[in-house]
Amino acid sequence: MYNAYSSGANGDLAMNALSALIGQREAIAIRSKSLNYNYLTISASTASLLKLVLIGVFPLTYLGIGILVVLKRRREQNEAV
């Protein structure tokens with residue numbers, strides 16, 4: 001199944017590696033790339049949701065975690081003194 005995702009390139013890689021191991025350098029096959037492209041298409045609502053999460057939620061979450069860690073370390077440092 002995973003070999004189908006890479007258009008059989010994984011099988012070619014394995015066969016080329018085995019050919020190189022046994023010393024048959026002339027048996028190496030290099031296939032040309034396909035010019036067919038599969039574009040990812042998403043709806044406008046999904047794009048808006050992704051923007052909101054990636055630009056808003058994730059950075060604010062990491063900022064909040066960072067602030068909590070700093071405050072916790074300061075509190076522990078003040079208690080130790």
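The following exchange asks how some descriptions of this predicted model are justified.

Student: What makes up the secondary structure of the protein chain?

Tutor: The chain has three helices and zero strands. From the N terminus on, the order is α-α-α.

Student: How do you know that the length of H3 agrees with its number of residues?

Tutor: The expected span is 1.5 Å times one less than the number of residues. For the 37 residues of H3 that gives 54 Å, and the end C-alpha atoms are 53 Å apart, so the two agree. H3 also bends by about 35° at Val53.

Student: How does the reach of helix H2 compare with the expected value?

Tutor: H2 covers residues 9-21, which is 13 residues. From first C-alpha to last it reaches 18 Å, close to the 18 Å expected at 1.5 Å a residue. Just after H2, Gly23 has a positive phi of about 90°.

Student: Why is Phe58 called partly exposed?

Tutor: Buried means under 20% relative accessible area and exposed means over 50%, with partly exposed in between. Phe58 has 42% relative accessibility, so it counts as partly exposed. Phe58 is found in helix H3, residues 44-80.

Student: Which surface patch includes Phe58?

Tutor: Phe58 belongs to a nonpolar surface patch of about 1,200 Å². Among the other residues in that patch are Leu54, Ile55, Tyr62 and Ile65.

Student: What share of the residues in the protein chain is buried?

Tutor: Buried residues make up 4% of the 81 residues. The chain exposes about 7,800 Å², and carbon and sulfur atoms supply 64% of that area.

Student: Which element has the lowest mean pLDDT, and which the highest?

Tutor: Helix H1, residues 2-5, has the lowest at 56, and H3 has the highest at 95. Where pLDDT is low, the predicted coordinates should not be read in detail. For the whole chain the mean pLDDT is 83, and 80% of the residues reach 70 or more.

Technical notes:
Residues numbered from 1 in each chain as written. Predicted model: local features only at pLDDT ≥ 70, side-chain atom pairs only at ≥ 80, totals over all residues. Heavy atoms only, no water. Patch = residues over 30% accessible without salt bridge, like charges linked within 9 Å, V, L, I, M, F, W, Y side chains within 5 Å. Areas by Shrake-Rupley, 256 points an atom, 1.4 Å probe, with all protein chains shown as cover. Salt bridge = Lys/Arg side-chain N within 4 Å of Asp/Glu carboxyl O. Helix = DSSP H or I, 4+ residues; strand = E, 2+ residues; numbered from the N terminus. Buried < 20%, exposed > 50% of the residue type's maximum accessible area, 1.4 Å probe, protein only. Bend = angle between axes of the 7 residues up to and from the residue. pLDDT = per-residue confidence, 0-100.
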